[in-house]
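Student: Could you show me how to read the core and the helices of a protein model?
Tutor: Happy to; let's look together.

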Amino acid sequence: MKKSCFFYRKKKYSLVQNGVVTKKSPSNIALIKYWGKQKNKIQIPSNSSISYSLGKVYTVTRLIYHLRKKKKRSIRIFFSGKENTSFLPKILEFFHRISLYCSYLRDFNFVIETKNTFPHSSGIASSASSMSALALCIMEIEKKLVSSLEEDFFLRKASFLARLGSGSACRSIYPGLVVWGGHKSIKGSNNLYAIPYPYKIHPIFTKMGDTILVIDEYPKKILSSKGHQLMIHNPYAKERFRCAKKNMDRLISILKMGDLQEFGELIEHEALTLHAMIMTSYPYFLWMKPNTLHVLYKVWDFRKQSKKNIYFTLDAGANVHLLYPIQEIVSIRKWIYSDLFSYCKKIIESFCQ
């Protein structure tokens with residue numbers, strides 16, 4: 001039996017008239033990047049990925065549901081207090097994809113009220129936090145309808161649903177290091193939902209600071225979903241997937257041993273490889289801005305001179321995540337504000353929770 005079958009919700013349930021649920025979910029930053037989906041499959045990754053969930057970078061979603069009385073279903077979306085119809089097509093597609101697993105959704109009309117602690121669509125994984133928060137809200141409704149819903153099932157199904165809205169969203173369901181995508185060296189890993197990283201983690205990696213330099217806070221001209229599609233015909237795609245698998249094995253060893261230098265070299269290599277795939281797609285494009293490059297060179301120079309353990313990673317955008325051990329936070333943050341502040345629109349202080 002396919003794993004997805006366990007998430008079907010066609011059984012009878014106790015229908016409620018209306019209600020409100022609210023959930024908060026973090027963004028995440030991938031160390032081994034997910035970039036590229038399997039052809040003709042819905043939201044199935046071409047390689048496994050692993051990410052940190054972020055402590056102060058999150059979405060809060062309030063889902064209001066009313067028992068539907070008319071044939072036509074109504075869904076309204078409010079972002080930061082204002083109605084936003086531009087998000088509606090994606091939400092409708094998401095509800096369509098999950099209808100097989102959440103049949104009760106057909107019985108309700110919805111009002112979705114959502115807000116971020118960071119700019120949306122700018123390369124800080126806003127779709128990950130927003131879709132995971134919505135998936136958690138939907139599971140809260142299911143919990144009200146179905147009397148016996150175990151916590152483990154609740155989280156696994158929330159991750160499964162979130163994936164159908166945004167691939168990386170499935171990793172935002174859990175705190176800490178989270179794995180998505182089947183990998184032979186990681187027990188329990190699979191393509192349908194994420195799992196908490198199951199192996200030993202050196203203490204140095206359980207308390208990491210993450211300072212986000214917002215280089216460009218405007219929505220990206222080319223969204224990540226388009227970039228994933230372009231990987232299908234990217235001439236370097238197969239080598240990228242092979243490299244990602246190799247890097248995942250390497251990271252497992254690094255996380256166990258606590259080698260910060262190896263960790264930093266690996267995540268920077270992964271970040272630059274992601275952007276190499278973006279630049280070699282057709283049509284090709286750039287997400288990095290001039291100030292992105294200025295920051296990367298500054299980090300390299302500072303690390304060489306100071307011997308501090310500060311490393312960068314990038315998501316699908318211009319912004320830069322700086323990762324460093326909490327023990328070095330005072331001197332590193334002082335340098336960030338004195339030397340890097342002029343290159344960015346704002347700085348978001350977070351941590352890997």
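We will go through the nonpolar core and then two helices.

Tutor: This is a predicted model, where local features need pLDDT of at least 70, side-chain atom pairs count only at pLDDT 80 or more, and totals for chains, interfaces and linings use all residues. Residues are numbered from 1 along each chain as its sequence is written, and side-chain values use heavy atoms, leaving out hydrogens and water.

Student: Which residues touch the most other members of the largest nonpolar core?
Tutor: A nonpolar core is a set of buried Ala, Val, Leu, Ile, Met, Phe, Trp, Tyr and Cys residues joined through side-chain atoms within 4.5 Å. Buried means under 20% relative accessible area, with a 1.4 Å probe and protein chains only. Here the largest core has 79 residues, and Ile50, Ile138 and Phe263 touch the most other members. Helix H2 (residues 126-145) contributes the most, ten residues; helices are DSSP runs of H or I, at least four residues, numbered from the N terminus. A separate second core has 23 residues, among them Val295 and Trp335.

Student: How many residues of H2 are buried?
Tutor: 16 of its 20, so H2 is mostly covered.

Student: What span should H2 have?
Tutor: The expected span of a helix is 1.5 Å times one less than its number of residues. For the 20 residues of H2 that gives 28 Å, and the end C-alpha atoms are 29 Å apart, which agrees.

Student: And what follows helix H5?
Tutor: H5 (residues 237-257) is followed by Gly258, whose phi is positive, near 80 degrees.

Notes:
Buried means under 20% relative accessible area, exposed over 50%, partly exposed in between (1.4 Å probe, protein chains only). Helices (H or I, at least four residues) and strands (E, at least two) are DSSP runs, numbered from the N terminus.
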